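Let's take a walk through a protein model together. Have the sequence and the 3D view open, and we'll go from the overall build to a few single residues.

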Amino acid sequence: MASNTEPAEKDAALAAQEASAPATPVHTTSARDAWYPAGKRDLFILRELVTKDFKLKYRRSVLGVIWSVLNPLLMMIVMSLVFSFFLRYDNIEHYPLYLIVANITWQVFSDSTNAGMMSIIDAAPLLKKVRVKKFVFPVEKVLFSLVNFLFSLIAVFVVMLWEGVAPTPMMLLAPLCIILLMFFCVGLSLFLSALAVFFRDLVHLWSVLLMAWMYATPLFWPVSMIEQVPYAFVRTLMYVNPMYNFVTFMRDTVVYATMPPSSVVLSCVVWAAVSLALGYWVFRANERRFILFI
Amino acid sequence: MQDTLNLDGGGSVFLGLSSTSIRVGDKVVVTPNFRDANKEDFLFNYVWNIDGNWEEGQWGSTVKELGHPVADGSWTFAPESPGRYCIIVDIEDQQGNLLGNVERWLIVAGQNSFMRPPVPPADAPTAVLADDVSMIFNIASEQFNSLKEYFIAAAKHELTFKEFRALDHISFEVKRGEAFGLVGTNGSGKSTMLKIIAGVLEPSAGKISVSGTIAPLIELGAGFDMELTAKENIYLNGALLGYRKDFIDEHFQDIVDFAELDGFMDMPLKNYSSGMVARIAFAIATVTEPDILIVDETLSVGDFLFQQKCERRIKELVESDNVTVLLVSHDISLVERICDRVCWIEKGHMRMLGETDEVCEAYRSLKR
């Protein structure tokens, strides 16, 4: 008897299962609106990539995102001690603020170009399998450095309190400088990332170039020293230097509460435009061939 | 297996089926079509048989029981049970002497079971069109990884490239709602073809046009970051596939449920096994209906239960009629179960393009 009822029960159970199956939401099968239209998906991709980088940077560190504030602060303290005592640059007004504003501006530039240069090479596994607009990778690295920059602004604020520098309306011009710097970095990252695909040597070369560039820019030494350079050619070069202009723009608005000279503002605009145009052109001309080299 | 018979007196006869894939209860009309010969001059004997065994001669009795000598015209066949049928028509002259036979395969699915999509008519909307696609890779005879090496070689005029044709003039058209298979031995260019369709590679020559959203499952875990947790990866991968954020929010639990990985969502992916990664990737790609689903050898990573589940899901998508499936697999029986048409690519050349049974039969005979 028992052996006879068992299959029947099983059948009943199976039938019940089958009957209940359509009720459970397994998969939506008519979701035409699941996708972004082709143009809009890049924004979400950028956001997800920045989130990813941010999470990875601070994962498993106790202080986490506080490091974004702490790091420029500690660097500034070390540098200000070194240069005040050994090189006697302490005659500069608000030297700690002078230092930290230049440092975080430089940091945006060096972080974004370093990471941007590697972005296409690093995204190789992805680019080989999914169709994604390639420009999102260098652009994302620049945006990520902007996020870090925004956190380090807290450190600037702390130093301003310490130095007793009150915020002024002139500071409202600083975001303009940052936007121009973003364009400059995006252009350069596009350019470098495209070149790095074909010539990996650039990766090694760039770190040396960056170091030379850093010393040539008045980050920790006084701007007035440029005048003492004996060769007119080198002096011009140092004034034309895009990073000199961006750093001066930031310092004038944040530290000295003065309007930056129009030549500086103009240089920033021109450099941003030139870099963006060059980067865009080189990237667009070569992006189709990336896949064959990565 | 021959669907065309050349007659001694000139002319030929071709066996036409109204469909090559039906369900139990449906009817198929079998029509011998004559070319350059008069239909009235012949007699026909219709025979069918389930699942082969013709070679062993086990079909003799079916001739007597089920053969239908018909004087002329077509014959309607209504199979009573599911299976793979071979339909044979013996062609006889008026005196009853056998001239030869023509054969066709017919798949009969159960009442509720999966039925591979019918071969679409020529005017159906196109999903993927490959028009004379060639892919040439320049293999540098030496790999230059530095500027110095490159310039030295360029100065010496030693920059030579070896041309490698991964795909050579491939043309096919996949209609919307089709399940299209790509078969071929290793390194024959199947994956290159899929990458071109997915828009990752650009063909060196020829054109490819694809209409609709693509969910590529070319290699599992593309776009996954092993350091991130499964949950974070679902969002990242979803973004790369082009999903809306609110869509992922809404269907997050569906993805987790399908992958059967509830409770592992906050674990970094590097601690996952490859099978678990495969589950997540498949679940994300198929949570909704893409216009085109590209499946490349992905199912082989998961365990057999998940493989079955994936197959069921692919079949669901095929049955919805909206999804075009492109399937690459070395598991020919899987291709035979799902696809209506197959393209066989061998060493970059298109060897054969046609209905699944025909192509798979030919491909199998190569292997032996």
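What follows is a tour of a predicted model, starting with one chain, moving to the contact between chains, and ending with salt bridges and cysteines.

Let's begin with chain A. Its secondary structure comes to 11 helices and 0 strands, so if you trace the chain from the N terminus, you meet one α element after another. Chain A has 294 residues, and 47% of them are buried. Now think about which parts of the chain touch each other. Take the contacts in chain A between residues at least 6 apart in sequence: 78% of these join residues at least 24 apart.

A couple of residues help to make this concrete. Find A:T217, in the loop between α8 (201-216) and α9 (232-240) of chain A. Is A:T217 buried or exposed? It counts as buried, at 0% relative accessibility. Leaving out residues up to four places away in sequence, A:T217 touches A:W106, A:N241, A:M243, A:Y244 and A:V247. With one of these, A:N241, there is also a polar contact between side chains, at 3.0 Å.

Next, look at A:V69 in helix α3 (residues 66-85) of chain A. A:V69 is buried too, with a relative accessible area of 14%. Beyond its neighbours within four places in sequence, A:V69 is in contact with A:F151, A:I154 and A:A155. Compare that with A:L43, which is 26 residues from A:V69 in sequence and 27 Å away in space, C-alpha to C-alpha.

Now bring in chain B and look at where the two chains meet. The contact takes 36 residues from chain A and 46 residues from chain B. A handy way to talk about interfaces is this: their size is often given as the accessible area lost when the parts come together. Here, chain A and chain B bury about 3800 Å² between them, and 59% of it is on carbon and sulfur atoms.

What holds hands across this boundary? There are 7 residue pairs in polar contact between chain A and chain B, counting pairs with both residues at pLDDT 80 or more. On the chain A side, the elements giving two or more residues are α2 (41-58), α5 (124-127) and α11 (262-293). The largest share, 9 residues, comes from α2(A). Sorted by class, the side of chain A that touches chain B has 18 nonpolar, 3 polar and 15 charged residues.

Charge is worth a closer look. Side chains of opposite charge can pair when their charged atoms come close. Across the interface of chain A and chain B there are 4 salt bridges. One of them joins B:E202 and A:R288, at 3.3 Å from N to O. Another pairs A:K52 with B:D225, at 3.4 Å. This second pair runs from helix α2 of chain A to the loop between β14 (214-217) and α4 (230-241) of chain B. B:D225 is buried, with a relative accessible area of 17%.

Over all chains, the count comes to 21 salt bridges. Inside chain B, B:E355 and B:R104 meet in one, at 3.8 Å. The partners sit in distant parts of the chain, with B:E355 in strand β18 (residues 349-355), B:R104 in strand β9 (residues 98-109), and their positions 251 residues apart in sequence. B:E355 is partly exposed at 26% relative accessibility, whereas B:R104 is buried at 13%.

A further salt bridge in chain B links B:R279 and B:E260, with the closest N and O atoms 3.3 Å apart. B:R279 lies in helix α6 (residues 274-285) and B:E260 in the loop between α5 (245-259) and α6, so the pair ties together parts that are 19 residues apart in sequence. B:R279 is buried, at 10% relative accessibility, but B:E260 is partly exposed, at 46%. Salt bridges with shared partners join B:E260, B:R279, B:D303 and B:K309 into one network.

Last stop: the cysteines. How many disulfides are there over all chains? The count is 0. For B:C310, the nearest cysteine sulfur is that of B:C339, 15 Å away. For B:C339, it is that of B:C360, at 7.7 Å. A disulfide needs the two sulfur atoms within 2.5 Å, so neither B:C310 nor B:C339 is in one. Both are tucked away from the surface by the numbers: B:C310 is buried at 2% relative accessible area, and B:C339 is buried at 0%.

Conventions: Residues are numbered from 1 along each chain as its sequence is written. Chains are lettered from A and ligands numbered from 1 in the order in which they are written. This is a predicted model: local features need pLDDT of at least 70, side-chain atom pairs count only at pLDDT 80 or more; totals for chains, interfaces and linings use all residues. Side-chain values use heavy atoms; hydrogens and water are left out. Buried means under 20% relative accessible area, exposed over 50%, partly exposed in between (1.4 Å probe, protein chains only). Contact means heavy atoms within 4.5 Å. Buried area is the accessible area (1.4 Å probe) that two parts lose on being put together, summed over both. A salt bridge is a side-chain nitrogen of Lys or Arg within 4 Å of a carboxyl oxygen of Asp or Glu. A polar contact is a pair of N or O atoms within 3.5 Å; within protein, one must be able to donate a hydrogen and the other to accept it, and residues adjacent in sequence count only if both atoms are side-chain atoms. Helices (H or I, at least four residues) and strands (E, at least two) are DSSP runs, numbered from the N terminus. Ala, Val, Leu, Ile, Met, Phe, Trp, Tyr, Cys and Pro count as nonpolar, Asp, Glu, Lys and Arg as charged, and the others, Gly among them, as polar.
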